[in-house]
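Dear colleague,

I am passing on a structure that is new to you, and the notes that follow it are meant to be read with the model open beside them. Please look through the chain once before going on to the details.

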Amino acid sequence: MRYLTQRAIAFLPTLFGVSVLIFLAIRLVPGDTITAMLGTEAGMLTDVQRASLEAYFGLDKPPFEQYVVWLGNALQGNLGLSVRHGAPVLDVILSRFPVTLQLALMALTIALIIGIPLGVLSAVKHNSFVDLIGRLVALIGLATPAFLLGTLIIYVLSVVFRYLPNSGDYVRFNEDPLLNVQQMIFPAFTLGFPFAASVMRTTRSAMLEVLGQDYIRTARSKGLREGNVVTQHALRNALIPVITLVGVELGYLLGGTVIIEEIFALPGIGRLVYNAISQRDYALVQGIALFVAFNFILINLLVDVIYTMIDPRVSYAKSA
């Protein structure tokens with residue numbers, strides 16, 4: 001508990017540093033909120049009109065003061081106003097986040113279902129034909145770009161089967177669960193298959209190391225079944241690097257997969273940030289970046305907690 005408290009305290013300065021970088025990066029982008037909102041008509045503003053708008057958006061203040069105001073509002077859940085959507089940034093983000101969350105969780109599930117069994121099997125059947133097939137599948141998954149796999153899936157479905165998984169008419173899960181899963185399964189597989197290759201290689205490597213440990217030989221010498229040795233003793237201790245990989249990858253997935261969401265026309269965070277950048281909706285870009293950073297840091301904290309649940313040897317009591 002003390003360790004979690006320390007990590008939670010460290011959470012705040014990390015997020016503060018990220019917020020500073022995000023704020024500065026946005027300010028380095030050419031243009032401003034007024035130009036983004038009015039477009040070419042911004043050049044027709046008089047000096048008085050521009051000064052009035054700058055005062056309204058707080059652009060007349062020094063950068064440090066702008067940051068303090070923005071940070072204070074952010075701590076209260078106010079990330080600003082999206083000039084393109086005409087709504088609070090946080091509301092826009094939360095309306096799109098469920099799509100990205102579902103896509104990430106489905107991709108993660110597919111990756112674990114494929115990657116862990118294949119990695120365990122390859123390690124147990126080390127240097128056999130099964131191991132060769134597993135490594136070949138992993139190599140194909142790592143070498144195939146997600147956008148290419150997604151394009152091929154759409155091509156085969158549309159040309160061969162005359163079926164489009166999503167032609168811009170996305171349906172949410174609470175509206176029609178079956179149709180929603182049909183629309184999401186293919187983009188989830190597009191993301192999950194390359195991820196499964198990484199999970200497989202990590203699982204295989206960790207299992208090979210664990211299977212050579214003394215306590216595994218001891219368990220076998222006691223007459224335990226090989227299945228019990230592999231699942232109850234070896235696999236559980238080999239999951240630490242897999243969990244680390246899952247935590248990092250899930251953080252990236254929750255940040256939005258721009259290309260896949262664009263290919264499959266999914267209204268998620270990735271597509272939202274792409275449109276926000278192209279439309280120069282700086283408040284929205286800034287808010288999404290901070291939201292993604294928050295999720296990434298939170299996931300890493302949860303991964304540390306899961307370590308202790310998976311492997312009893314991992315304890316933070318002494319370090320605390």
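A salt bridge, as the term is used in this email, is a side-chain nitrogen of Lys or Arg lying within 4 Å of a carboxyl oxygen of Asp or Glu. Please keep in mind throughout that the model is predicted.

The salt bridges are a useful place to begin. Side chains of opposite charge can pair when their charged atoms come close. By the rule above, the count in this model comes to 3 salt bridges. One of them joins the side chains of Arg-204 and Asp-131, with a distance of 2.8 Å from N to O. This pair links distant parts of the chain, since Arg-204 belongs to helix α8 and Asp-131 to helix α6, and the two residues are 73 residues apart. Asp-131 also forms a salt bridge with Arg-135, where the closest N and O atoms are 3.7 Å apart. Here the partners are both in helix α6 and, because they are 4 residues apart, they are separated by about one helical turn. Taken together, Asp-131, Arg-135 and Arg-204 are linked in a network of salt bridges.

The members of that network are covered as follows: Asp-131 is buried, with a relative accessible area of 0%, and Arg-204 also counts as buried, at 14% relative accessibility, whereas Arg-135, at 35%, counts as partly exposed. The remaining salt bridge is the one in which the side chains of Glu-262 and Arg-271 meet, at 3.5 Å from N to O. In that pair Glu-262 is partly exposed, with a relative accessible area of 35%, and Arg-271 counts as partly exposed at 23% relative accessibility.

Helix α6, which covers residues 129–143, also carries part of the surface that you may wish to look at. Phe-129, Leu-132, Ile-133, Leu-136, Leu-139 and Ile-140 make a nonpolar surface patch of about 590 Å². Leu-136, one of these residues, counts as partly exposed, its relative accessibility being 45%.

Helix α8, in which Arg-204 lies, deserves a closer look along its length. Where does α8 bend? The bend is at Met-184, by about 30°, and a proline, Pro-187, follows within four residues. The helix runs over residues 177–211, and although a straight helix of 35 residues would span 51 Å at 1.5 Å a residue, α8 spans only 42 Å between its end C-alpha atoms.

Two further helices each offer a residue to inspect. Gln-286 is placed in helix α13, residues 282–310, and is it buried or exposed, given its relative accessible area? Gln-286 is buried, because its relative accessible area is 5% and buried means under 20%. Leaving aside residues up to four places away in sequence, Gln-286 touches Ile-22, Phe-23, Ile-26, Arg-27 and Trp-70. Arg-236, for its part, is found in helix α10, residues 226–254, and counts as partly exposed at 39% relative accessibility. The C-alpha atoms of Arg-236 and Met-207 are separated by 9.5 Å, with their positions 29 residues apart along the chain.

Two loop residues should be checked for their backbone angles. Asn-127, in the loop between α5 (89–124) and α6, has a phi near 65°, which is a positive value in a residue other than glycine, and it counts as exposed at 55% relative accessibility. Ala-265, in the loop between α11 (258–263) and α12 (269–278), likewise has a positive phi, near 55°, and is a residue other than glycine; Ala-265 counts as buried, at 15% relative accessibility.

Finally, some values for the chain as a whole. The chain holds 13 helices and 2 strands, and its C-alpha trace spans about 85 × 60 × 35 Å along the principal axes. Of the 320 residues in the chain, 39% are buried. Among contacts with a separation of 6 or more, 73% are between residues 24 or more positions apart. The accessible surface comes to about 17,400 Å², and 66% of it belongs to carbon and sulfur atoms.

With best regards

Note on methods:
Residues are numbered from 1 along each chain as its sequence is written. This is a predicted model: local features need pLDDT of at least 70, side-chain atom pairs count only at pLDDT 80 or more; totals for chains, interfaces and linings use all residues. Side-chain values use heavy atoms; hydrogens and water are left out. The expected span of a helix is 1.5 Å times one less than its number of residues. The bend at a residue is the angle between axes fitted to the seven residues ending there and the seven starting there. Patches are made of residues with over 30% relative accessible area and no salt bridge: like charges are joined within 9 Å, nonpolar side chains (Val, Leu, Ile, Met, Phe, Trp, Tyr) within 5 Å. Accessible areas come from the Shrake-Rupley method with a 1.4 Å probe; for residues, only the protein chains shown count as cover. Buried means under 20% relative accessible area, exposed over 50%, partly exposed in between (1.4 Å probe, protein chains only). Contact means heavy atoms within 4.5 Å.
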